Amino acid sequence: MGIIEYARTSIKENWSLFRRSRMGLLGLAILAFFAFLALLAPIPRLIDDMYHPMVGVDPEISYSTPPSLRHPMGTDFMGRDLLSQFLSGAQIAFAVGITAAVISVLIGTAIGLTSGYYGGKVDALLMRLADIVLVLPGLPFIIVIAAALGKMSIWIIVLLIALLGWPGVARVIRAQTLSLRERPFVEAARVAGAGDRRILLHHLAPNVLPLTFLYAALGVSGAILTEASLSFIGLGDPSVVSWGMMLQWAFTTGHTFRAPYWILPPGLAISLLSLSFYLVGRALEEIINPRLREP
Amino acid sequence: MYRYLLHRILQIAITMFLLIAMVFILFRVMPGDPASMVLDPKMPPEAKALMKKQLGLDEPIYSQFIIYMKNLLHGDLGRSFYYGRPVYDVIMERLPNTILLFTSATIISWGLGYALGKRIAWRRGTRFEHALTFMGLLFYSVFLPWFGLIMIWIFSYRLGLFPLGGMITPELWTAGGAGIIALVLDVLHHLALPLFVLTLLSFAGAMLLMRSSMLETLREDYILTARAKGLSEKVVRDKHAARNALLPMVTALALSLSFSMSGGVLTETVFSWPGLGKEIVSATLNYDYPLAQAAFIFLAAIVLMANLVADIIYAYLDPRIRY
């Protein structure tokens with residue numbers, strides 16, 4: 001069975017379960033809303049150059065103005081359009097969140113499978129490594145790397161978030177693999193002449209896939225919050241208009257208590273989008289682990 | 001139990017050593033002259049050469065590391081470029097402030113999370129449970145620095161109930177004449193809002209963890225037995241279920257400590273709380289490498305120490321622990 005077919009039947013089977021979770025549906029709705037906004041992001045700059053989120057400045061405005069017809073969400077301290085910045089922020093949040101989560105889940109799954117399947121010294125070594133990364137305070141660690149590097153690019157931030165996020169996934173996948181490798185179908189595969197590689201990739205990996213999806217969903221929230229935090233404290237990528245960066249600009253130009261139209265939307269969006277991924281993640285968790293469902 | 005703790009202490013010491021080594025390597029493999037990372041760029045070249053020799057920067061990297069470790073153990077962390085003072089002094093001033101904020105937030109949020117988590121799990125499926133679970137998720141995913149700003153806006157700026165930031169009112173402390181009680185109250189007044197924000201964040205996580213741990217425990221046969229014996233609901237909930245649900249919760253919470261510390265850094269920054277978290281951010285923004293390194297090492301040390309405390313609590317709670 002091909003992976004696409006597998007995905008299709010699995011979505012069809014589980015959608016009826018997912019639909020029962022009201023929180024999961026709410027999360028999916030919020031997520032869809034922001035995904036729609038992210039798709040709109042390239043439009044403003046096509047309408048007029050002044051709507052470019054980074055370099056577009058309204059020639060008639062040189063300070064922050066409240067919402068108007070021309071600028072539905074107002075402008076920032078130098079007359080840039082806040083709506084187009086907000087839309088660009090949605091795009092960045094999805095890009096950062098999903099990329100970081102996918103990378104860290106891939107690393108975590110690979111390490112978890114290897115660790116659980118081979119056991120012994122490999123397992124001990126990999127799990128000690130996981131323990132160390134697990135107690136590492138994430139944000140201070142990224143900050144100290146920023147100090148050593150001097151300046152951060154958005155892809156370095158994504159990579160660092162991913163490199164800090166894998167141990168949780170690895171532990172769970174390892175535990176799952178430990179139990180899976182004792183099942184008869186693994187034995188059957190081995191008797192049929194399958195090597196380690198084949199067993200890992202074709203027999204074990206598909207069975208941990210649901211867990212992988214769950215952790216990816218949960219990981220997106222964390223990644224979005226971390227990137228926003230870094231931008232907010234002034235250590236983000238200055239060439240990228242993210243929601244955290246919008247807040248940082250408001251903060252450093254002294255608009256914190258003066259411009260609610262500027263301060264409220266980005267913070268609310270960061271919180272809601274990260275909430276939505278959590279809600280979806282929890283609904284997936286209830287599908288995977290029936291013990292969590294309400295009796 | 002002692003062997004278990006000894007094992008954990010050893011593990012924590014190794015982790016700490018590896019972290020320090022990592023920071024050391026990080027700051028020396030960076031592009032450019034490694035000396036520029038430890039030496040103040042404003043220094044005259046002769047002084048730089050002298051300092052280089054003193055710091056052992058002309059020696060091979062492994063002996064540099066030995067010198068670095070030796071200095072660290074002697075409390076010599078270099079000089080802060082920004083403050084022009086020994087890094088050690090700056091760190092020691094900030095450390096208690098961070099510990100005050102971090103430990104009080106952790107203790108309150110664990111306590112509250114335990115008490116509420118067991119109640120909402122017990123009343124599963126009710127409106128009370130749905131509302132609190134949703135609230136927990138809301139606080140867990142809220143963007144903390146932004147939430148902090150909103151709190152300052154409402155409670156400090158608009159209502160004037162709390163100070164805008166900082167830890168003390170300088171006039172009160174320099175003028176003299178204020179009693180010790182007045183000074184303590186002043187700190188508590190400054191502490192209230194950042195503590196509230198940080199507590200809310202870690203409380204939500206603790207409550208959700210306790211909820212799921214309690215739900216697992218409630219499926220156990222001994223709960224059914226306890227009920228069948230005719231024990232009161234409260235006894236079953238508190239003595240039979242919650243006590244056993246506490247164990248996995250402590251393990252999970254210990255792992256969330258590093259997450260809370262990230263929250264602590266943001267809280268300190270937003271509320272200008274003079275702790276290590278605020279210092280690591282401003283040191284990085286000021287290119288003050290020695291201070292940024294040291295602040296990180298000490299923040300990590302706090303998390304590791306808190307982990308050790310969690311281990312001790314765990315060993316105390318679970319007498320089955322033998323290593």
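This passage walks through the fold of chain A, its contact with chain B, and two unusual backbone angles in chain B.

The model is a predicted one, so to speak of local features a pLDDT of at least 70 is needed, side-chain atom pairs count only at pLDDT 80 or more, and totals for chains, interfaces and linings use all residues. Residues are numbered from 1 along each chain as its sequence is written, while chains are lettered from A and ligands numbered from 1 in the order in which they are written.

On confidence (pLDDT is the predictor's confidence in each residue, from 0 to 100), chain A averages 86, with 98% of its residues at 70 or above. For chain B the average is 84, and 93% of the residues score at least 70. Among the elements of chain A, helix α4 (residues 82–118) has the highest mean pLDDT, 92, and helix α1 (residues 3–19) the lowest, 75. The model as a whole comes with an ipTM of 0.87 and a pTM of 0.89.

Chain A has eleven helices and zero strands; helices (H or I, at least four residues) and strands (E, at least two) are DSSP runs, numbered from the N terminus. Its C-alpha atoms fill a box of roughly 75 × 45 × 35 Å along the principal axes. Of the 295 residues in chain A, 46% are buried, that is, they have 20 or more other C-beta atoms within 10 Å of their own, against 12 or fewer for exposed and in between for partly exposed, with C-beta atoms placed from the backbone. Contacts are pairs of residues whose C-beta atoms, placed from the backbone, lie within 7 Å. Among those in chain A between residues at least 6 apart in sequence, 70% join residues at least 24 apart.

Then there is the contact between the chains, which takes 38 residues from chain A and 42 from chain B. On the chain A side, α5 (120–135), α6 (138–149), α9 (196–232) and α11 (260–288) each supply at least two residues. The largest share, eleven residues, comes from α6(A). By class, this side of chain A has 28 nonpolar, eight polar and two charged residues (Ala, Val, Leu, Ile, Met, Phe, Trp, Tyr, Cys and Pro count as nonpolar, Asp, Glu, Lys and Arg as charged, and the others, Gly among them, as polar).

Finally, the backbone of chain B. Most residues other than glycine have a negative phi. B:Ser272, however, has a positive phi of about 45 degrees. B:Ser272 sits in the loop between α11 (233–270) and α12 (276–285) of chain B and is partly exposed, with 17 other C-beta atoms within 10 Å. B:Tyr287 likewise has a positive phi, about 55 degrees.
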